Amino acid sequence: QPLVGAGSVVVVAPAALVLAALLDTELLQSLIPGAEQVERLGHNHFRAVLSFGVGGMRTRNTVELQVAGLDGTGALTLRGQADGTFGAGAATGQVVLTERIPGRTSIAWSYDGTVTGRWVRAGGPLLRFAAGMFVNRFFRALAGRARLLDGSGAGPV
């Protein structure tokens with residue numbers, strides 16, 4: 001079952017701080033819906049354990065994620081795989097950080113993935129809706145957390 005989506009949000013923080021936040025495992029664990037654990041396995045390799053449900057089906061999934069583009073350009077490519085009780089999935093995503101106004105960063109994202117197994121029974125429209133909600137909730141939580149910064153842009157997200 002294909003899953004595609006895109007969106008954007010403006011974060012009241014400098015792009016460098018937003019990028020650092022996107023790579024902070026403690027912060028990610030607090031922001032990712034259903035995250036039980038997020039760990040860094042290497043410079044660009046992460047693993048997360050997530051619990052979530054779609055259409056009455058609740059599951060616990062292990063997600064492996066590789067991040068490319070950590071060279072400071074503000075464009076990240078994410079490649080991930082997930083395995084859980086009801087099936088598996090794979091996706092590629094793009095995250096682009098643009099700071100057009102100092103201290104305000106636009107985060108644009110897109111993703112393209114597939115799921116297999118019992119998740120397919122949940123139905124395409126429901127899966128696409130749930131995936132979009134999941135990603136939107138994460139980036140909105142990040143934007144909300146960034147608003148806690150002081151006016152100088154210093155301090156933790």
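Which side chain makes a polar contact with the side chain of Thr77? In this predicted model, the partner is the side chain of Gln94, at 3.2 Å.

Start with the setting of that pair. Thr77 is part of strand β5, which runs over residues 75-84. Thr77 has a relative accessible area of 18%. The cut-off for buried is under 20%, so Thr77 counts as buried. Beyond the residues up to four places away in sequence, Thr77 touches two runs of neighbours: Gln66, Val67 and Ala68, and then Thr92, Gly93 and Gln94. Gln94 is thus both a contact of Thr77 and its polar partner.

Now turn to strand β4, residues 57-68, where Arg60 is found. Arg60 is exposed, with a relative accessible area of 51%. The cut-off for exposed is over 50%. The side chain of Arg60 still has a polar partner: a contact of 2.7 Å joins it to the side chain of Glu36. Glu36 is also listed among the contacts of Arg60 outside its neighbours within four places in sequence. The others are Val49, Leu50 and Ser51, together with Asp83, Gly84 and Thr85. Take Asp83. Arg60 and Asp83 lie 23 residues apart in sequence, and their C-alpha atoms are 8.6 Å apart in space.

Last comes helix α1, residues 15-22. Is this helix mostly covered or mostly open? Helix α1 is mostly covered, with 6 of its 8 residues buried. Those buried residues are Ala15, Leu17, Val18, Leu19, Ala21 and Leu22. An α-helix has 3.6 residues a turn, so residues three or four places apart point the same way.

Terms used
Residues numbered from 1 in each chain as written. Predicted model: local features only at pLDDT ≥ 70, side-chain atom pairs only at ≥ 80, totals over all residues. Heavy atoms only, no water. Helix = DSSP H or I, 4+ residues; strand = E, 2+ residues; numbered from the N terminus. Buried < 20%, exposed > 50% of the residue type's maximum accessible area, 1.4 Å probe, protein only. Polar contact = N/O pair within 3.5 Å; in protein donor to acceptor, adjacent residues only side chain to side chain. Contact = heavy atoms within 4.5 Å.
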